[in-house]
Amino acid sequence: MRSTAARSWLHEGRLDRFGILLSGLCAVHCVTTIAVMALLASVGGTLLHPAIHEIGLLLAVLLGTFALGAGYMRHGRKLPTLIGGAGLGIMALALTLPHGVPEAIATLTGVGLLALGHHLNRRSGC
């Protein structure tokens, strides 16, 4: 049986809102990295460190799996989970690409789909 606090977080869509926030932060990170790379190549090396992307993907997978899965269990709609899952898959694919524009496009596409999945999940729970 879930605790009252956990139910509150799930029922009110807080996890999905948090997932949307993290997706937005990821998008800001990607755009900022490109801008900083264009202006300050020495800072770009730190921002592009593989560990940042790997940790970010791990957090996205954990939060996405929990929030989207809990939403599906609550409302039974597959679309938010499928869209969010596709976003996570594209984000994982982006890790295999060399740093640059193709990686940024794949990452931003994945982040956008994941955020959309969280948004649809939140709306489905209303």
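**Exercise 1. Is the crossing of α5 and α6 left-handed or right-handed?**

Before you start, note that this is a predicted model, where local features need pLDDT of at least 70, side-chain atom pairs count only at pLDDT 80 or more, and totals for chains, interfaces and linings use all residues. Residues are numbered from 1 along each chain as its sequence is written, and side-chain values use heavy atoms, with hydrogens and water left out.

Step 1. Find the two helices: α5 covers residues 79-94 and α6 covers residues 101-124. Helices here are DSSP runs of H or I with at least four residues, strands are E runs of at least two, and both are numbered from the N terminus.

Step 2. Get the geometry. The axes of α5 and α6 come within 7 Å and cross at roughly 160°. Axes are lines fitted to C-alpha atoms, for helices over the stretch in contact, with angles from 0 to 180 degrees between N-to-C directions.

Step 3. Name the arrangement. α5 and α6 are therefore roughly antiparallel to each other (angles over 145 degrees count as that, under 35 as roughly parallel, 65 to 115 as roughly perpendicular, the rest as oblique).

Step 4. Pick the hand: the crossing is left-handed, meaning that the near helix is turned anticlockwise from the far one by less than a right angle; clockwise would be right-handed.

**Exercise 2. Work out how α2 sits against α4.**

Step 1. The axes of α2 and α4 (residues 50-75) come within 10 Å and cross at roughly 155°.

Step 2. That makes α2 roughly antiparallel to α4.

Step 3. As for the hand, α2 passes α4 in a left-handed crossing.

**Exercise 3. Place L82 and V101, and say whether each is buried or exposed.**

Step 1. L82 lies in helix α5, and V101 is found in helix α6.

Step 2. L82 has a relative accessible area of 59%, so it's exposed. V101, at 55%, counts as exposed too. The cut-offs: buried is under 20% relative accessible area, exposed is over 50%, and partly exposed is in between (1.4 Å probe, protein chains only).

Step 3. Look across the chain. The C-alpha atoms of L82 and G117 are 7.5 Å apart, with their positions 35 residues apart along the chain. For V101 and I34, 67 residues apart along the chain, the C-alpha separation is 8.3 Å.

**Exercise 4. Sum up the whole protein.**

Step 1. Count elements: six helices, zero strands.

Step 2. Check burial: buried residues make up 33% of the 126 residues.
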